[in-house]
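Open the model in your viewer and keep the selection tool ready. This tour goes stop by stop, with something to select at each one.

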Amino acid sequence: MVEYNDLIFEISREGRVGSSLPESDVDHVDLNDKLPKHLIRDLPAELPEVSELQLVRHYTALSNKNHGIDNGFYPLGSCTMKYNPKINEDVARLEGFSRIHPYQPTETVQGALEVLYELQEELAVITGMDAVTLQPSAGAQGEWTGLMMVKAYHKQKGEVRTKVLVPDSAHGTNPASATVAGFDTITIPSNEHGLVDLEELKKHVDENTAALMLTNPNTLGLFEKEIVEIAKVVHEAGGLLYYDGANANAILGKTTPGQMGFDIVHLNLHKTFTTPHGGGGPGAGPVGVKEKLIPFLPVPRVEKVNEVYVLDSNQPLSIGRVKGYYGNFGILLRAYTYIRTMGAEGLRQVSESAVLHANYLRKKLEPYFEAPYSQICKHEFVLSGSRQKKLGVRTLDMAKRLLDFGYHPPTIYFPLNVEECLMIEPTETETKETLDAFADVMIQIAKEVEENPGVVLDAPHTTVIGRLDEVQAARQPILRYTKEKAVNKETVMS
Ligand SMILES: *Cc1c(COP(=O)(O)O)cnc(C)c1O
């Protein structure tokens with residue numbers, strides 16, 4: 001078994017191959033005659049040389065070391081790590097979808113365009129918007145796309161507005177997207193209830209306000225009750241409201257950002273709509289807009305003209321293309337499948353159960369941890385490890401200890417306005433037994449902190465690799481394999 005723990009470079013043997021091709025019957029061409037000298041390597045690339053079976057075992061072993069939603073509970077707050085139904089995969093693999101090319105003539109891909117068109121329509125209903133683009137490939141890119149439309153909208157009106165307001169509980173991508181889109185970010189502090197402080201907001205809103213970015217429920221899992229008033233304040237100053245839809249799992253079929261007064265919305269299909277998640281993608285972050293922003297949507301737009309689906313690029317005010325082709329088509333298909341299998345009533349149940357599960361777990365854990373905002377929450381809630389910190393154990397230590405029990409830890413140290421934050425999102429797809437078992441482990445860890453803190457401080461004990469030195473890992477990352485480093489592997493990883 002030991003062999004499968006080795007790096008692929010360590011099992012490499014010179015000359016070993018994983019494929020065999022018939023002898024070529026065309027004349028050999030020397031690359032030196034075809035390519036400029038500076039593009040040709042002096043030495044061959046140091047690629048591992050292994051058999052096909054070794055390759056399969058290597059990657060299978062790696063995948064087994066990974067924690068995913070298919071092998072365990074994953075209550076990562078704000079990320080909505082819920083089950084991805086396998087029917088989505090079936091549909092995405094249908095040959096009529098998987099074997100077409102984005103540059104085929106549109107009359108040969110009417111079915112694919114119909115799916116895109118219908119998904120746009122469905123997401124518009126779900127968000128209460130008037131039109132949707134499917135192009136952005138993640139929430140963050142959706143934010144940037146939305147803000148570029150905000151900019152184009154104000155410019156069209158002959159205004160230059162430079163400020164984007166963001167609450168202090170916002171996800172880091174909000175200020176980052178605002179900066180990349182060329183705006184200045186103004187942080188609005190939350191009040192003692194964890195909600196946007198309306199009086200503070202009023203102080204900052206003026207003729208320079210381009211937009212307010214908000215997620216509702218917010219990253220504490222709390223619903224912004226004054227949202228209608230907030231929207232009024234921003235709109236009266238001529239600003240727009242951007243809805244960060246990462247928390248949409250709490251509101252499906254219950255309310256819409258449109259009803260709350262938002263002008264632009266992104267959704268994270270890899271969160272709320274069960275497309276694969278994590279590992280950096282692929283994802284999808286469709287953006288919906290109200291009528292007045294439609295002219296600025298990215299092109300090409302998928303439209304239906306006389307019962308025929310077309311790609312329309314003739315939009316003079318459009319911000320242009322934000323992604324190759326028409327978005328991550330395979331991901332969009334999975335989300336479409338999910339929406340169609342759930343139906344309107346099913347989606348409403350999703351949010352009801354997600355909220356119920358979060359409150360069930362919250363009630364079980366609150367006696368053992370500090371609960372800075374102890375009240376009915378939406379689909380997620382925050383706890384603070386401040387009580388345990390006084391005993392010398394930090395939230396990070398407790399998160400590491402959870403690994404010993406086979407759980408992915410919750411999100412920690414986010415949102416930034418909660419000390420030693422633990423942010424827990426159980427999702428609707430877990431059973432009561434799983435929620436109970438997780439609560440028992442959390443309670444056990446809280447007791448360990450009091451009675452035997454060493455076992456928490458040294459955790460994890462059962463994983464392939466123990467506690468990493470996070471500072472060294474960040475300051476001296478080892479990104480390239482060399483023989484000397486292989487010798488040092490044990491010391492680096494211990
Ligand atoms: C995940 C998340 C984002 C960013 O979305 P990506 O799809 O990861 O780019 C933005 N805001 C909140 C609140 C999130 O949870």
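Is K86 buried, partly exposed or exposed? Select K86: at 41% relative accessibility, it counts as partly exposed. Keep in mind throughout that this is a predicted model.

**Stop 1: the partner of K86**

Add D70 to the selection. D70 and K86 form a salt bridge, and their closest N and O atoms are 3.0 Å apart. The two come from distant parts of the chain, 16 residues apart: D70 sits in the loop between α2 and α3, and K86 in helix α3. D70 is exposed, at a relative accessible area of 55%. How many salt bridges does the structure hold? The count is 26.

**Stop 2: a second salt bridge**

Now select K292 and D263. Here the closest N and O atoms lie 3.1 Å apart, again in a salt bridge. This pair links distant parts of the chain, 29 residues apart. K292 belongs to the loop between β7 (287-289) and β8, while D263 belongs to the loop between α10 (257-260) and β6 (264-266). The accessibilities are worth a look. K292 is partly exposed, with a relative accessible area of 38%. D263 is buried, at 3%.

**Stop 3: the β8 and β9 hairpin**

Follow the chain on to residues 301-305, strand β8. Strand β9, residues 308-312, runs antiparallel to β8, and five bridges join the two. Pick K304 and look across: its bridge partner in β9 is Y309. Then go to the turn. Two residues lie between the strands of this hairpin, and N306 takes a positive phi near 50 degrees.

**Stop 4: helix α12 and the largest core**

Select α12, residues 329-365. Begin with F329, which is found in this helix. F329 is partly exposed, with a relative accessible area of 21%; the buried class ends under 20%. Show F97 as well. The two are 232 residues apart in sequence, yet their C-alpha atoms are 8.9 Å apart in space. Among the residues F329 touches are F97, I100, A112 and L116.

Move along α12 to T337. T337 is buried, with a relative accessible area of 7%. Beyond its sequence neighbours up to four places away, T337 touches I87, N88 and V91.

Which residues touch the most other members of the largest nonpolar core? Select L123, L269 and F273. That core has 33 residues. α3 (86-92), α5 (110-127) and α12 each supply at least two of its residues. Zoom in on F273. Its contacts include L123, I126, L252, L267, Y338 and I339. In soluble globular proteins, nonpolar side chains tend to be buried together.

**Stop 5: a three-stranded sheet**

Turn to the open sheet with the order β10-β12-β11, paired antiparallel. β10 (381-384) and β11 (411-412) stand at the edges with a single partner strand each, so one side of each has no neighbour in the sheet. β10 and β12 (residues 421-424) pair over four bridges. Select V382 and find M423 opposite it in β12.

**Stop 6: a salt-bridge network**

Select R394 and E420. They form a salt bridge, with the closest N and O atoms 2.9 Å apart. R394 is in the loop between α13 and α14, and E420 is in the loop between β11 and β12, 26 residues apart. R394 counts as partly exposed at 39% relative accessibility. E420 is buried, with a relative accessible area of 4%. Add K389 and E419: salt bridges that share partners join K389, R394, E419 and E420 into one network.

**Stop 7: helix α14**

Select residues 395-403, helix α14. Why call α14 largely enclosed by the rest of the structure? Because seven of its nine residues are buried. Those buried residues are T395, D397, M398, A399, K400, R401 and L402. To see what covers them, show α13 (386-389), β11, β12, α15 (432-451), α16 (453-457) and α17 (470-475), which are included in the cover.

**Last stop: a surface patch**

Go back to the start of the chain and select L31, L35 and L39. Together they make a nonpolar surface patch of about 280 Å². L35 is found in the loop between α1 (31-34) and α2 (52-65). It is partly exposed, with a relative accessible area of 36%.

Notes: Residues numbered from 1 in each chain as written. Predicted model: local features only at pLDDT ≥ 70, side-chain atom pairs only at ≥ 80, totals over all residues. Heavy atoms only, no water. Patch = residues over 30% accessible without salt bridge, like charges linked within 9 Å, V, L, I, M, F, W, Y side chains within 5 Å. Areas by Shrake-Rupley, 256 points an atom, 1.4 Å probe, with all protein chains shown as cover. Salt bridge = Lys/Arg side-chain N within 4 Å of Asp/Glu carboxyl O. Buried < 20%, exposed > 50% of the residue type's maximum accessible area, 1.4 Å probe, protein only. Core = buried A, V, L, I, M, F, W, Y, C linked by side-chain atoms within 4.5 Å. Contact = heavy atoms within 4.5 Å. Pairing = 2+ DSSP bridges.
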